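Here are my notes on the model you sent over. I've kept them as numbered points so you can work through them with the structure open.

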Amino acid sequence: MDWASASEIARAVANGERSALAVTEAALARIKTLNPKLNAFTDVVADRARAKAQAIDQARGQGQSPGLLAGVPFAVKNLFDINGLATLAGSKINRSHTPAARDATLIERLETAGAVLVGALNMGEYAYDFTGENVHDGASRNPHDLSRMTGGSSGGSGGAVAGGLVPLALGSDTNGSIRVPSSFCGIFGLKPTYGRLSRAHTFPFVASLDHLGPFARTTKDLALAYDAMQGHDADDPVCADRRPEITLPALDRGIEGLSIAIAGGYFRKGASPEAREAMERVAKALDVRREIEIPEAERARSAAYVITATEGAALHLDRLRTRAKDFDPAVRDRLIAGAMVPAALVNQAQKFRRWYREHVLELFKDVDVILAPATPCAAPKIGQQTFALDGVEMALRPNIGIYTQPISFIGLPVVAAPVPLTPLPIAVQIIAAPWREDVALRMAQALEQAGVASAARPNI
Amino acid sequence: MVRKVLRKNRSKGRKAAKPNKPKRDPLDDFIVAGARAFDLKIDEAWMPAVRGHLQVTLRHGALVAAFALPDDAEPAPVFKA
């Protein structure tokens with residue numbers, strides 16, 4: 001079951017074809033073999049995982065339902081609290097923090113559904129990253145080409161799922177940190193609506209833009225995990241007080257009746273031939289010709305940039321005073337710069353955010369889904385500093401998210417659906433109206449069933 | 001005046017050997033003052049990167065600031081008592 005999906009594993013465990021313990025041992029063995037190559041894990045909680053798996057097997061033996069994710073191994077970006085571990089958030093500084101006294105809410109919810117936590121995953125320092133590189137723990141490596149980036153900041157999450165170490169992982173997305181690794185590693189990722197999933201007991205980055213969500217190798221697994229994690233949580237003031245809106249039953253409804261458009265204008269600029277090819281394949285499969293313009297997308301990206309720089313700086317100001325030399329220099333220098341940005345610009349960015357939201361929501365009166373590239377290119381080389389967009393050489397690190405930032409800026413739900421191009425995959429964003437994750441997941445499922453989107457198995 | 005400066009430079013040129021001090025970016029004064037206000041210690045070696053990032057962020061900020069919004073536009077986060 002090396003490449004088995006979460007739903008296949010859960011079915012096998014529920015049927016008694018496999019024990020949760022056997023599945024867990026197999027996952028731990030794969031991590032031991034492959035992690036030295038991929039550098040996806042920073043901690044493995046083997047004893048805890050075995051104990052949880054045994055409890056699942058015991059409960060099943062006593063006739064209890066083992067849950068929809070029975071025995072499914074999963075791992076989380078190391079900014080999620082894990083009981084007994086310091087929450088690193090990719091940093092050196094947090095290593096001296098007191099170990100967490102409990103798990104993050106989303107870990108609890110996945111384990112309630114029967115999933116088994118096996119460890120914590122590598123990430124860019126304090127999530128201020130699109131590359132998956134980390135000066136303290138080393139770079140996460142792309143399973144499709146070990147010399148290439150996973151994308152970040154949820155780099156370990158991308159590498160662990162694409163490399164077959166686990167079928168399911170969690171990450172965070174402030175400006176693209178779920179969608180970028182999904183694109184570079186060729187897997188499915190869901191960034192839900194802002195406020196949909198609880199962020200409680202995780203280390204923040206930019207409170208007004210932070211989202212959490214799952215990675216998987218199939219759309220069905222995304223939906224399973226997402227459904228299990230929904231629900232209000234008083235511990236996160238941003239978490240919406242909405243009843244769970246379960247997506248799995250309608251996943252196979254297809255796309256009939258959905259109005260689809262391709263994002264033009266800003267989203268046509270800067271795309272590499274690979275990004276264009278992925279968009280063309282998806283558009284052809286869906287027979288979509290309609291193009292719409294997301295108004296002021298470039299300015300939206302700029303506003304997200306300003307808010308990120310300043311809120312990130314505010315969060316870390318005291319650490320910048322006392323432990324500046326312990327930061328990744330690339331992160332530290334951006335945070336220091338963020339501390340210098342005048343408040344008037346931040347306020348204007350937040351006002352513009354409301355304007356932009358109102359105008360983009362107008363588009364959703366007429367369309368159900370907007371398609372856009374996830375990244376301007378496939379995975380760059382680890383250590384690469386610049387790339388060319390439309391022939392213009394520019395810094396790579398801050399510009400990988402040019403297509404993701406205008407979308408997360410107003411919290412729209414997005415599924416990143418991987419198109420398995422050769423030699424490297426690249427994803428397309430399936431963007432829906434707020435609270436319509438079901439629509440984005442349905443479309444990803446339709447593309448998967450049509451053979452256009454899929455997680456290709458790498459030869460590691 | 002111009003001749004004077006040139007002459008001055010020529011005579012300096014003859015003495016030569018003194019390397020030209022790199023021109024200080026005006027933004028550096030802003031960063032130094034800001035760092036002092038925030039009690040941040042910035043190593044001289046970090047300055048080019050900090051300046052570069054600040055320049056980029058201010059460019060993004062200028063694009064946002066150039067967008068005309070009405071006086072009664074509310075920021076996105078609305079506090080509820």
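1. Start with helix H1 of chain A, residues 6-15, where the buried residues are A:Ala6, A:Ser7, A:Ile9, A:Ala10, A:Val13 and A:Ala14. Look down the axis of H1(A) and these buried residues fall within an arc of 160°, so they line one face of the helix. The general rule behind this kind of pattern is that an α-helix has 3.6 residues a turn, so residues three or four places apart point the same way. Keep in mind throughout that this is a predicted model.

2. What do the buried residues of H1(A) pack against? Their partners in chain A are two helices and two strands: H2 (20-38) and H7 (219-229), plus E6 (168-173) and E8 (211-216). Right after H1(A) comes A:Gly16, with a positive phi of about 85°.

3. Helix H4 of chain A (residues 105-112) deserves a look too. Its buried residues are A:Thr105, A:Leu106, A:Ile107, A:Arg109 and A:Leu110, so don't skip past the arginine in that list when you go through the helix. The buried residues of H4(A) pack against E2 (73-77), E3 (116-121), E6, E8 and H7 of chain A. Just after H4(A), A:Gly114 has a positive phi of about 105°.

4. Now the sheet. In chain A, 11 strands make an open sheet with mixed pairing, and the order is E1-E3-E2-E6-E8-E7-E14-E15-E11-E9-E10. Strands E1 (41-44) and E10 (291-292) of chain A sit at the edges with a single partner strand each, so one side of each has no neighbour in the sheet.

5. In which sense do E1(A) and E3(A) pair, parallel or antiparallel? They are antiparallel, over 3 bridges. To find your place there, look for A:Phe41, which stands opposite A:Leu121 in E3(A).

6. Two helices are worth checking against the sheet. H2(A) lies across E1, E2 and E3 of chain A and runs at about 15° to E3(A). H7(A) packs on the sheet as well, touching E6, E7 (188-191), E8 and E14 (414-419) of chain A. The direction of H7(A) makes about 140° with that of E8(A).

7. On to chain B. Its secondary structure comes to 3 helices and 0 strands, which reads along the sequence as α-α-α. Of the 81 residues of chain B, 15% count as buried.

8. Where do chains A and B meet? The contact takes 29 residues from chain A and 27 residues from chain B. On the chain B side, helices H2 (26-38) and H3 each supply at least two residues, and H3(B) gives the most, with 11 residues. By class, that side of chain B has 19 nonpolar, 5 polar and 3 charged residues.

9. A word on confidence. The predictor gives the complex an ipTM of 0.94 and a pTM of 0.95. Chain B has a mean pLDDT of 82, with 73% of its residues at 70 or more. Among the elements of chain B, helix H3 (residues 47-65) has the highest mean pLDDT, 97, and helix H1 (residues 2-15) the lowest, 43.

10. How many contacts beyond four places in sequence does the model have for residues 1-13 of chain B? The count is 0, and pLDDT stays under 50 over that stretch.

Terms used
Residues are numbered from 1 along each chain as its sequence is written. Chains are lettered from A and ligands numbered from 1 in the order in which they are written. This is a predicted model: local features need pLDDT of at least 70, side-chain atom pairs count only at pLDDT 80 or more; totals for chains, interfaces and linings use all residues. pLDDT is the predictor's confidence in each residue, from 0 to 100. Helices (H or I, at least four residues) and strands (E, at least two) are DSSP runs, numbered from the N terminus. Two residues are in contact if their C-beta atoms, placed from the backbone, lie within 7 Å. Ala, Val, Leu, Ile, Met, Phe, Trp, Tyr, Cys and Pro count as nonpolar, Asp, Glu, Lys and Arg as charged, and the others, Gly among them, as polar. A residue is buried if 20 or more other C-beta atoms lie within 10 Å of its own, exposed if 12 or fewer, and partly exposed in between; C-beta atoms are placed from the backbone. The arc is that of the directions from the helix axis to the C-beta atoms. Two strands pair if DSSP finds at least two bridges between them. Axes are lines fitted to C-alpha atoms, for helices over the stretch in contact, and angles run from 0 to 180 degrees between N-to-C directions.
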